[in-house]
Every structure is written in structure tokens, then in C-alpha cells.
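User: I want to learn how to read burial and sheet layout from a model. Can you walk me through a case?

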Amino acid sequence: MAPGSIDAAMLRALELGRTVLGRTSPNPPVGAVVLDGDGQIVGEGATQPTGGPHAEIVALRAAGDRSRSATMVSTLEPCSHTGRTGPCTAALIEAGVARVVYAVSDPTPEAGGGALALRAAGIDVQPDRYADEAAAGALRAWLFAVGVGRPFVTWKYAATLDGRVAAADGSSRWITGEHARADVHRLRGESDAVLVGSGTVVADDPHLTVRSVNGELAGHQPLRVVLDRRGRTPATARIRDGAAPTLVLDSCDPGQALKVLYGRGVRSVLLEGGPTLAGAFVETGLVDRVVGYLAPALLGAGPAALGSAGMTTITDALLLHVEDVARVGADVRITAVPRRKD
Ligand SMILES: NC(=O)c1ccc[n+]([C@@H]2O[C@H](COP(=O)([O-])OP(=O)(O)OC[C@H]3O[C@@H](n4cnc5c(N)ncnc54)[C@H](OP(=O)(O)O)[C@@H]3O)[C@@H](O)[C@H]2O)c1
């Protein structure tokens, strides 16, 4: 096989995994590629929506007879359990694959152990290829969620350069430009659920769906969730239409809400609420990533992006590590994660 073929195949598999982000939970978004003896791609695939085949099965089917003596390159260790579908390890053994190269080991007790089963069948197994890239890519939220037992939470907000998310009169629409708004729709599409508090529903009546720039609804929609302790979500609220599934939760603190969502198969949440709910999530240590869109505009008054989060002195500040800074149209997007305390 030509040098570099497996690297190129893994990069392709990582890309394939990203194409199904937000559509596979509770299964992981995996990409897989089958290479023949000359290093040519003869099949590829990504995990299909829940209940559908895993990436390896899609790739094997595409390769057909050419899977015999081939190399399977996958972003995750092939599963060895029977869930809604059969074990991938059995399909790989039956197809006569000679070698399996994967990035990340499956940490779940139910599906892990695939490498052992494959080796026992005489297949050459090579783990940990591009493991860091895979763990930081499409598998990030899923790996976090199955490790911790709750969904990965990204808090997203749009603010003026002086940190206001709404004007003093309460108006808040279109703080950022169309490119930033399109980017938010991408983030939504990659999430299993979008979450707001009743305050945002009452103030803005958002639809919280994934739409294209010309307003068309995407084929797949995340679960819309409202935390509403006092039943303030109107019966006529736009989030109650049939465009996407919706869940209105009462009497839930952030931790309980995430537990409920995890139980429903949600592995990633986009928190799009206002300052009050964002404060409650930050205070309880339940924000795993912050995506702030900053518009080159000043308001001077109006609510700040983050409400009370239980911090009263400078040493209480939640310190973040900036992962990325990007210009999105006329606006700036900053992505940051809490610094590890070690
Ligand atoms: N620019 C942006 O990115 C952006 C995004 C969203 C909102 N906004 C703006 O923010 C303003 C609304 O702010 P907001 O803070 O009222 O919105 P919010 O944070 O979405 O909703 C707050 C409400 O959520 C409910 N809630 C349910 N469970 C909660 C819990 N565990 N902890 C705290 N609250 C909980 C509370 O009402 P109950 O007690 O009735 O349940 C609370 O008043 C509007 O002006 C809106 O336009 C801006």
C-alpha cells in the first residue's frame, strides 16, 4: 500500500464523521473508509441516524466484495455489541477484512472491546491513529457525554462589543449580521438539542429551528427545549409548532434538565438562553464551551451576556482558554473552554 494512504483515509474518515454531527445520537458520529491492497478507497460511510447502520457497515456495503483482505479505517473502535444493529466486529470478520485501523477506543462498557474480538479472529488491529484529532473533532461531545453521563453544553450568545445581548427596551433581534446568524444555524444543526429559558421565549418568541439563508427548514432538526418553572411559555409560542420536536420542562434545575435530556439520547446541547439561564448553568459548572459572537456595535445599556453566576469577587471569575477567534462577516466569533483546574 502506498505510504500515506492510511493517513489520507483517516483524514477522509474524520471528515465523514463531521458530516453527520447532530444526527446520530445516542450513537457516535463516526466516519469509516475501506482501502484495498493498493491503498485505493473502495468504500466509505458515516453513522446513519439512530437505528440505522454504523459507519463501518455503510463503508463495507459500499465496498462489497472488495472488502476481502482490505483495510478498514475508522474514527472509533468498531463496536462489539448488539444494540439496534448487529456488532460491527462480526460484520468485519465476515467480510474478510485483514486490518482495522482506528483513532479512538470506544470507552463505553456496552460497545467497547471490539479490538479484542477482532484480534481474536486474526485481524491486524492498529489503534490510536489520529486519536487527538478525532477526540477534538466530531466525537468530542459524544466522548465527553458518555464519559461524564450528561450532554456536552455549548453556551452561545450574540452581543455588542460592550457585551449587551439586548437593548434597554428589550429589543434584541439582529445584534449580529447574516453570516453570524448562518453560523448559529450550523451550530444548531450540529447539536442534539437547543435550550432556552422561558424569559427568551417570552421576550423574543424564537423558532429555534435550523434554516438555510433563504429560510428553508433543514431536513433534520434538534430537539427544542425550554426551561419554564412557572408555565410562562404561551400556547401560541413559535417553538410549539410542528417544525421540530419540542420539550417544555418545569421544575428543573440545569443539572436535572441535562439528566432528563441525556436519558432521551441527547449528547450535545446548544444553550441559547438569555443571561439568567446562562448564569445558572455557569454557576453550576455546566458550561463546557462558550461561543460568543461579538458585533462591532455599542449599546451602553441593556442586559449583559451573563447574569448572576454566583461570583462576587475577581478571584471567583471562571477562567477560559481561547480555542479559536474568527471573523464571521462583520462580526467576531470567539470560542473558549473553561480552563482545567490543575
Ligand atoms: N443576544 C442573545 O444571544 C440572546 C439570547 C437569548 C436571549 N436574549 C435576550 O435576553 C433577554 C431574556 O433574558 P432572560 O435572562 O430572561 O432569558 P432566559 O435566561 O432564557 O430565561 C430566564 C428564565 O428562565 C427560567 N428558568 C427556568 N429554569 C431556570 C433555572 N434553573 N435557573 C434560572 N432560570 C430558569 C426563569 O423563568 P421562570 O422562573 O418563569 O421559569 C427565568 O426567568 C431578552 O431580552 C432576550 O432578547 C439574548
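Analyst: This is a predicted model. Start with burial. Count C-beta neighbours: 20 or more within 10 Å means buried, 12 or fewer means exposed, and in between is partly exposed. V332 has 17 C-beta neighbours inside 10 Å, so V332 counts as partly exposed.

User: Where does V332 lie, and which residues does V332 touch?

Analyst: V332 lies in strand 13, residues 331-338. Leaving out residues up to four places away in sequence, V332 touches L294, V325 and R327.

User: How far apart are V332 and D128 in space?

Analyst: Their C-alpha atoms are 35 Å apart. In sequence, V332 and D128 are 204 residues apart.

User: Now sheets. In what order do the five strands of the open sheet run?

Analyst: Read the strand order, then the pairing sense. Here the order is 2-1-3-4-5, and the pairing is mixed. The edges are strand 2 (41-46) and strand 5 (124-126), each pairing on one side only. From one strand to the next, the twist averages 15°.

User: In which sense do strand 4 and strand 5 pair?

Analyst: Parallel, over three bridges; strand 4 covers residues 99-104. R99 has D124 in strand 5 as its bridge partner.

User: Which strands does helix 2 touch?

Analyst: Helix 2, residues 55-63, packs on the sheet. It touches strand 1 (31-35), strand 2 and strand 3 (71-76). The direction of helix 2 makes about 150° with that of strand 2.

Key:
Residues numbered from 1 in each chain as written. Predicted model: local features only at pLDDT ≥ 70, side-chain atom pairs only at ≥ 80, totals over all residues. Helix = DSSP H or I, 4+ residues; strand = E, 2+ residues; numbered from the N terminus. Contact = placed C-beta atoms within 7 Å. Pairing = 2+ DSSP bridges. Axes fitted to C-alpha atoms, helices over the stretch in contact; angles between N-to-C directions.
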